[in-house]
Amino acid sequence: MGNDKDNYDFLMLSDIEYRNREVREELKKWGKWYYETTHFDGIRLDALKHITPGWPVEWLDYMRQQVNPDLVAIGEYWTAEKVDMMEKYIEATEGRIKLFDAPLHYNFCRASNCDKDFDLRTIFDNTLVRTHPTLAVTFVDNHDTQPMQALESCVESWFKTIAYALILLRQDGYPCIFYADFYGVKYQDKGKDGTQCKVVLPQLKEIKKLLVLRKKYAYGEQTDYFDHENCIGWVRSGSEEGPGCIVLLTNCEKSEKRMEVGARYAGKSFVDFLHPNSEEVIIDEDGTGVFQVEAKSVSVWVLKEE
C-alpha cells in the first residue's frame, strides 16, 4: 500500500521482517501454539497499513486451515478520510479482515463539535460501514482517541448516546463498545507542554439500555428517515428473532417526525425505552405515528407491553 503517505516502513522504529521465510514460519508456529494454549475466537491485527497485505493473508489462511476455520480477524487501518485506501486493502486481502471504521469515528467527532451546524443526513458519508457494511467494525471512541493520546479526537459527551445508537441499533456494521464509555475511567497524563493533567471520562449510563435494545428489539428490515439536517430516524420492522423499534435523534432543538411502523400496529401504544416517563405514541389506522425526541438527544420507541 505504498501510495498511502502515512504507510511508514518503520512504525515507532520497530519492524518485523515478514519477507524472511523463517520469520513467517515461526509466526505461524507461534499462532498455532497460542491458539492451542488459549483457544481464542478472534484476533485484532494492529497497524495494518504498515504491513504488506500479503503477510496477513498468508498467516490467516494458515490459521484458518490449521486451527479454526471460523477465526474472526479485525484489523486497524487508521485513516480519517481515505476510505478508498481501506477499500484497496480489503481488495488486496480479499475481504479476509474486518476493519475498524475510523472515518465514521471522525464523523462522530465533527458532529459533536459542530452541534446543529452538522448535517446529520451525512453522518455515514465517506465511511466503511456504508461501502462495506459486512466488513466494518463501528466504534465511537477508543484508547487512541481519548484525551492525551496520540490520535486524540474525542467525541463530545452530549453526542455519545446518539453515536452509540447509530452503531448499536442499525443493521449494518459490527459495533465495538469502548471500555471507558461503559465503565468510566480516571487517569493522569502529561500534556504537550509537559504539565500533568487529570482526565475524567464518565460512565455513559445509557449504554446498558442501548445494549438491551440491541439484544431484544433491534431486528428486521430497516427504513431510514434521513430527511432533515438536524433530525433523523429509522424504523426496524422486527423479525422472528425479535420485535422492532423506532429510533429518532436530533442535534438541535426538540423535534418530531411522522414514521410508519405498519398497519398491524394500528391502535397500539409505543413507549420511549430510554425515557420511560415520556408520553405514549398511539399508532393510527394507517400504521403511522408521530414520534418526539428532546433537544440534543435520542429516543427509542418500542411496543408497550400489555
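**Helix packing and two unusual backbone angles**

In this predicted model, the crossing of helices H1 and H2 is right-handed. Two packed helices are described by the angle between their axes and the distance between the axes. For H1, which spans residues 21-38, and H2, which spans residues 54-66, the angle is about 40 degrees and the axes lie 10 Å apart. Angles under 35 degrees count as roughly parallel and those from 65 to 115 as roughly perpendicular, and H1 and H2 are therefore oblique to each other. On the H1 side the contact is made by Arg-24, Glu-25, Leu-27, Lys-28, Trp-30, Gly-31, Lys-32 and Tyr-35, which meet Trp-55, Glu-58, Trp-59, Tyr-62, Met-63 and Gln-66 of H2. Sorted by class, this contact holds seven nonpolar, two polar and five charged residues.

Further along the chain, helix H8 covers residues 206-216, and its buried residues are Ile-207, Leu-210 and Leu-213. Viewed down the axis of H8, these buried residues fall within an arc of 120 degrees, so they line one face of the helix. An α-helix has 3.6 residues a turn, so residues three or four places apart point the same way. The buried residues of H8 are covered by elements including helix H6 (157-168), helix H7 (179-183) and strand E15 (298-303), whereas the face turned away from the buried side carries the exposed residues Lys-215 and Lys-216.

Two loop residues deserve a look at their backbone. Met-148, in the loop between strand E4 (136-139) and H6, has a positive phi of about 75 degrees although it is not a glycine, and at 23% relative accessibility Met-148 counts as partly exposed. Lys-296, in the loop between strand E14 (288-293) and E15, likewise has a positive phi, near 50 degrees, in a residue other than glycine, and its 36% relative accessibility means that Lys-296 counts as partly exposed.

Note on methods:
Residues numbered from 1 in each chain as written. Predicted model: local features only at pLDDT ≥ 70, side-chain atom pairs only at ≥ 80, totals over all residues. Heavy atoms only, no water. Axes fitted to C-alpha atoms, helices over the stretch in contact; angles between N-to-C directions. Helix = DSSP H or I, 4+ residues; strand = E, 2+ residues; numbered from the N terminus. Parallel < 35°, antiparallel > 145°, perpendicular 65-115°, else oblique. Left-handed = near helix turned anticlockwise from the far one by under 90°. Contact = heavy atoms within 4.5 Å. Nonpolar A, V, L, I, M, F, W, Y, C, P; charged D, E, K, R; others polar. Buried < 20%, exposed > 50% of the residue type's maximum accessible area, 1.4 Å probe, protein only. Arc of directions from axis to C-beta.
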